[in-house]
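Hi,

Here is the structure I promised to send over. Have a look at it first, and then read on for my notes.

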4 protein chains.
Amino acid sequence: MREFFSNVSAIRYEGPRSKNSLSFKYYDPEERIGDKKMKDHLRFAVAFWHTFGFRGADLFGSENMIRPWDNFTDPMERAKAKVDAAFEFFEKLGVRYFCFHDRDIAPEGETLGETNRNLDEITRYIKRLMNGSDVKCLWGTANLFKDPIYTHGAATSCNVDVFARAAAQVKKAMEVTLELGGQNFVFWGGREGYETLLNTDMRFELDNYARFLHMAVEYAREIGFTGQLLIEPKPKEPMKHQYDFDVATTLAFLKNYDLDRYFKLNIEANHATLGGHTFQHELRYARINDKLGSIDINQGDPLLGWDVDRFPTDVYSTTLAMYEVLKNGGIEPGGFNFDAKVRRPSFEPVDLFYAHIAGMDACAMGLKIAHRLLEDKVLDNFIEERYASYRDGIGLKIASGEINFRDLERYAMEHEHIQNSSGRQEMLEAVLNEYMFEQQRS
Amino acid sequence: MREFFSNVSAIRYEGPRSKNSLSFKYYDPEERIGDKKMKDHLRFAVAFWHTFGFRGADLFGSENMIRPWDNFTDPMERAKAKVDAAFEFFEKLGVRYFCFHDRDIAPEGETLGETNRNLDEITRYIKRLMNGSDVKCLWGTANLFKDPIYTHGAATSCNVDVFARAAAQVKKAMEVTLELGGQNFVFWGGREGYETLLNTDMRFELDNYARFLHMAVEYAREIGFTGQLLIEPKPKEPMKHQYDFDVATTLAFLKNYDLDRYFKLNIEANHATLGGHTFQHELRYARINDKLGSIDINQGDPLLGWDVDRFPTDVYSTTLAMYEVLKNGGIEPGGFNFDAKVRRPSFEPVDLFYAHIAGMDACAMGLKIAHRLLEDKVLDNFIEERYASYRDGIGLKIASGEINFRDLERYAMEHEHIQNSSGRQEMLEAVLNEYMFEQQRS
Amino acid sequence: MREFFSNVSAIRYEGPRSKNSLSFKYYDPEERIGDKKMKDHLRFAVAFWHTFGFRGADLFGSENMIRPWDNFTDPMERAKAKVDAAFEFFEKLGVRYFCFHDRDIAPEGETLGETNRNLDEITRYIKRLMNGSDVKCLWGTANLFKDPIYTHGAATSCNVDVFARAAAQVKKAMEVTLELGGQNFVFWGGREGYETLLNTDMRFELDNYARFLHMAVEYAREIGFTGQLLIEPKPKEPMKHQYDFDVATTLAFLKNYDLDRYFKLNIEANHATLGGHTFQHELRYARINDKLGSIDINQGDPLLGWDVDRFPTDVYSTTLAMYEVLKNGGIEPGGFNFDAKVRRPSFEPVDLFYAHIAGMDACAMGLKIAHRLLEDKVLDNFIEERYASYRDGIGLKIASGEINFRDLERYAMEHEHIQNSSGRQEMLEAVLNEYMFEQQRS
Amino acid sequence: MREFFSNVSAIRYEGPRSKNSLSFKYYDPEERIGDKKMKDHLRFAVAFWHTFGFRGADLFGSENMIRPWDNFTDPMERAKAKVDAAFEFFEKLGVRYFCFHDRDIAPEGETLGETNRNLDEITRYIKRLMNGSDVKCLWGTANLFKDPIYTHGAATSCNVDVFARAAAQVKKAMEVTLELGGQNFVFWGGREGYETLLNTDMRFELDNYARFLHMAVEYAREIGFTGQLLIEPKPKEPMKHQYDFDVATTLAFLKNYDLDRYFKLNIEANHATLGGHTFQHELRYARINDKLGSIDINQGDPLLGWDVDRFPTDVYSTTLAMYEVLKNGGIEPGGFNFDAKVRRPSFEPVDLFYAHIAGMDACAMGLKIAHRLLEDKVLDNFIEERYASYRDGIGLKIASGEINFRDLERYAMEHEHIQNSSGRQEMLEAVLNEYMFEQQRS
């Protein structure tokens, strides 16, 4: 196998005192955190599109990243070189999962048939490389947003031919994901939304979207794909409004159309903040509704109104995310997909390593801190105490639904003087800081 | 009855050429729009709290508005004077509905019992005034956010005594609303949310919130309140996060807890935009889910991140809102509540008239424009044509659920060449402008 | 000359009752508004890049717009076809100005020399077409943001070679603009800013930016370019932060480096709102500082956090913009450049006409309304009255700087009772609506 | 002296392993960081208004905080009790500075004269307490936003009587600040802005604002106040738009009116983010313009659009702030004023301690991390290398202004091939994390 990152050798854990930028300071895959090794908690995945496909273009600038695996004229050769580069990267970085869209891995042909054959050939190529490694497919998906035919949506397009094409594409992507042993299949409806309500039949579009997903569920069963099905919420961009706005909106949709038993959610940090929520909020809301399926671990810029997809380096954010994940008992078969891209000025291939290292270390720190917070029950104990009044007496009656407004009024009349206790937010924030900045000692 | 707005006489419709600022230019209650008079389309309501209770305080400034009905030492006398002022205002403005919180109309006493007796007395006083007029109660609600006891929430408080008090308060507010013939009862959960997840058991709080609402439904049935029950979504403020974030989130909650058959929504323009949606979006999403119950008609400032509650004067916004309302077949028994306050620098009593006139005229214009858009079917025809491919052939099969991924793939393979049509957004925006600026001619 | 828009004939003014979507309803170039014809007030310009260069790509989708002038293999032939299409469009639309970046009009060659020769050839080609028409160049500019070399900035790059290239490019663009009789030259520093402060010497970058602009001023003088020099503020995007954040920031920069006498500003609606200001605010602030040079007339979406560059159709916005322009005595030699692009779903060539018509009509309405507001002095009279206390007595002393804190304290002690008057915002908003919706009658 | 916080004893530094919530974990006043003790770097000040005056009211809720120093009927007694509580708090917390508005410390009387006498009496009372302690006044200011007379602004009011009153108030507040040995005097123009441009003469208001500040400068000189004069930028709230929008806008204003030599800026974290900037950005921009005077150290919530004034606990933010401060050579005579309030649910007096401790510890951590970053020159070295091309050859000529566009074009023609280097943002973010999470070891 040719080598594309010849100036980078395998990244090792060297601990926080190392001065080697190409080493992990905190992510030690074999370190045991609670009942699992760090690598089993943190099922990291590399995103094919951003890591091997992003070339630095933005809306005002053209591509500025030169990737050696692009130096092949033949599209299929180029696709295979990209796969080679990917597996070299996975190995050197020590990441055991990848995620992909159908169109990331294989070039389109003249016809859908040819496109599918290309996909099959590259799929076989990937499988061969997987055989010689412990790299697995976390999830696959179909890209239903880039092609001009999806201008008005895919499953929600006003054009029936587009709906059919989208169906054909998801069908094939699901087959390929199955073939690669993918543990999940993701739906991100980047074009399922609208630009203006003036020309939109929202009800009909949502109905169609649901029909599409029901067919997908049926087809998954038919071919024996037993992986988890995931929807990825995002509020806007590229569309003015997207139907899977946030976790709650997606949940409402799933329930509305009797789809909720089939799907969990793939939650992205930057999509959460674009929707007006903290990352932790979206994870928490999904968790308590048993919908926390997988995570796109990245980071937004709170002062920028678009999807910046930065690598996650804010340890507050990773800590609180890992807290929800641990509370959820992990997210297997989901994982942590780096849906993140290097900044445009970080255009050198080695920056891909720096960026993933930065993100993996930040997640590792977050995991360790969250684990200690949970082990010491610092928040749990506070919360248990805070809601204690619901554990007996009238509180228990409320919690068990054995009381009504009349009884409650009588109780209220007899308990005029109400005494609350402080929520102690600032103290808890200080406690969080203590755990964050003390972690390395333990 | 004493007169509080003696310098203002009844506001009349004088048409767009009038130079009298204290007249309606567009709102002509008797004008027939389609099958109803304008006054029956636009079931305007005045909000007791903002119009008669707001004194201009903001977070950096103290009260700057002097209201003559405050010039009474005795709290009950003051409360009655406020009611007098309100009815004088309703009559002079020609508005036939009002909305209130329990605490807007009557002063609190030393005990809950005394508070309730105060409420009863004022309720009788209001009823007497209602008898002599055609003013009705659009909706009542309980203020569960102002009192310090609600610091940690009401139905979602961590303190069982607070839950009980909130129940008692809603029980009484519902009785009073029934007594006043209120056509709806509203729940706005201003404190049902959290400041920080560090101390919050979100799942338990949502469970309790649902229990509370179930008890409210049960109690309404028990006392024979047959009005509509409404939840009013808002994403944040005063809390960092509120549970009824937006229409979709509220719908998810209602479905989650089998409450959706009992509630519709009261949608506020400014809450929509704080949640990242257009007002029309929230109305549309509610409408297609049969949840459009009533409207708090006001306006935000898209560059300000808090609830500014301006009077609605943007005719684009009122037009698109009225469009959804007409599509909904009206919103009766709901209405259009001016949940809007005069700007702090508009501190004179007469500004209350100017502000309501501005809002009523903007709504009247919106109604007329929307009606003509619908009558001419300019948008409907465009949309019908746009989705035409779903009305026969494979499109019809999709729409009727008679097809699967395999068939769709086959179809897609046979229909490689896909042709979309333009969505014509700019043309439609020009059409909207034509209807907006041409209305007076018709 | 070949015809590219053969299905569209010249757009005529047909008045508001016309049902022809390809006609002006409000823009009547020959109509006299005050002392000038509408076409002389509204010096509209078409933007080469968006109108002839935009192909519909966004960050998640590839190009979806097919333009007939692209059907030429040879780059120079293609460039000439684009110019032909542009002039056909200008003529049919009746727009008399255009704006361009150097890279919009001519393809890059292998070397800077060849690129410049290409530019010269196309410039001659354009001049020939200009000769046969009354189309003029409103402004030219250099594209210092698209090429990968500008990744770290142009004048503010950390790389001296980039600074030199940017200088060479501006030099040439200025020569070409002069050759085309351009009435202004614009600087938009899309890459002059930073992605992260961690690697940025902000002070040095600003110094360099100023040095660059001083050289530009000097070179303009040297070659006899007497047009207006303009800086275009924008807060962010593509960079995380741009140095010309808004009008005030740009003014501070110009003053800091003794550049303020040489530059005015080119103000864009969507950049204003991205910066947290209304469009009117930025125009007003520039106007009172004598810096209102020219306008990029478009429209943002207040709920989207990126530069959407919609065509301006909100007549509130165009009215208040025209109000500032009229107050400024016009903006000649500046104009109204449609820095706007059709929405991606409006991908047909005819949408370019619909979009410009929508924008031109909205500006024409805005102009007429603003003119009537000014003629009737409705706002001026209110303001004059509002500040009347500064026209004599102690007010006059303050306004003429003849008083100090001691005297003011004495006065304050003697005038304890202070009486303010209402600001009447709601009444004024109603008045604005009256003028807006009554315009067609006059 | 009576004791108000009897359940809290003096807060000591106990180090990061302490489990005592009422101790400092990181703030050790006597620890030497570089050339100064921590307490001399971190000139912390407690804000009179938030810490002793805030009672928990928000726009939807009434006061929920009971403070023992309010238990006095007589206003002057209450004011003195508040001062006692403040000094007890300063001592126990070990903070050596305080900040105040005139109206925070003394009650208003019937007349301005009486109000001033009250102020004098409390000033004497404070001075007496200062005598027995090492507590100093960091800055004073006049509250020109709370009183209804300031509804339309203070120095920018349309009413000359208000201008005079504001002058009298600033005059007195300056005298009192001088009397208390205040090291700075601050102007925050909370009402200097507008609600709507429809009724606003922006130019005249800015002129008046400048006249007012010139008089203030003159009066300071007259009375021998040699402290630093500071303006505090804020973009909005309470007004729709405030004139001192951000650092750059304020700088433009100061330069416009020849005021820049007299004023520096007081920069608040939450105001920075409301204005669309990072806190570090505002500090950096002020620093390189020699305008970094003092700091209001707090924290916003990036998802909330109003001034939340949280206590600063995000160590990323404090680290980058301290970095700018150290680069500035400190900010003496300025300091770090906790313009922060406890969350409404943290309503117990002891929460004031928790909150300040959380903030002081976060600042101490930030200081230590920033110091180590600077000592190791990790960022400085990277930046020096990054801009190296400007230190000789043509770069030096640019930097020293000895070159023009012609020469640069010639150079560019000869240097066609341009090679940039990566900006390494992700690597630098990882380095920042390494320094942040390793600090305690050193």
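Below is what I found, going from one chain to the way the chains meet and then to the salt bridges.

One thing up front: this is a predicted model, so please read everything here in that light.

**Chain A by itself.** The secondary structure of chain A adds up to 16 helices and 14 strands. With a radius of gyration of 24 Å against the 22 Å that the globule rule gives for 442 residues, chain A is as compact as a globular protein of that length. If you want dimensions, the C-alpha trace of chain A spans about 85 × 60 × 45 Å along its principal axes.

**Chains A and B.** How does chain B relate to chain A? A turn of 180 degrees, with a shift of 0.0 Å along the axis, lays chain B on chain A with an RMSD of 0.0 Å. That is the relation of a two-fold axis. In chain B, the C-alpha nearest the axis belongs to Ala252(B), at 2.0 Å from it. As for the surfaces used, 100% of the interface residues of chain B are interface residues in chain A as well, so the copies meet through the same surface.

**Chains C and A.** Here 33 residues of chain C are in contact with 33 residues of chain A. Between them they bury about 2,900 Å², and carbon and sulfur atoms give 61% of that area. Which three residues supply more of chain C's share than any other three? They are Leu59(C), Phe60(C) and Trp306(C), which together account for 24% of the area that chain C buries against chain A.

There is a polar side to this interface too. I get 10 residue pairs in polar contact between chain C and chain A, counting pairs with both residues at pLDDT 80 or more. The rule also finds 4 salt bridges across this interface. A salt bridge to look at is the one where the side chains of Lys240(A) and Asp301(C) meet, at 2.9 Å from N to O. On the side of chain C that touches chain A, the residues split into 13 nonpolar, 6 polar and 14 charged.

**Salt bridges overall.** Over all chains the count comes to 139. Within chain B, Lys264(B) and Asp290(B) form a salt bridge, with their closest N and O atoms 3.7 Å apart. This pair links distant parts of the chain, 26 residues apart: Lys264(B) sits in strand β12 (residues 263-268), while Asp290(B) is in the loop between α10 (279-288) and β13 (292-296).

Cheers

Methods
Residues numbered from 1 in each chain as written. Chains lettered and ligands numbered in written order. Predicted model: local features only at pLDDT ≥ 70, side-chain atom pairs only at ≥ 80, totals over all residues. Heavy atoms only, no water. Least-squares fit on C-alpha atoms with pLDDT ≥ 70 in both. Contact = heavy atoms within 4.5 Å. Buried area = accessible area lost by both parts, 1.4 Å probe. Polar contact = N/O pair within 3.5 Å; in protein donor to acceptor, adjacent residues only side chain to side chain. Nonpolar A, V, L, I, M, F, W, Y, C, P; charged D, E, K, R; others polar. Helix = DSSP H or I, 4+ residues; strand = E, 2+ residues; numbered from the N terminus. Rg over C-alpha atoms; globule rule 2.2 N^0.38 Å.
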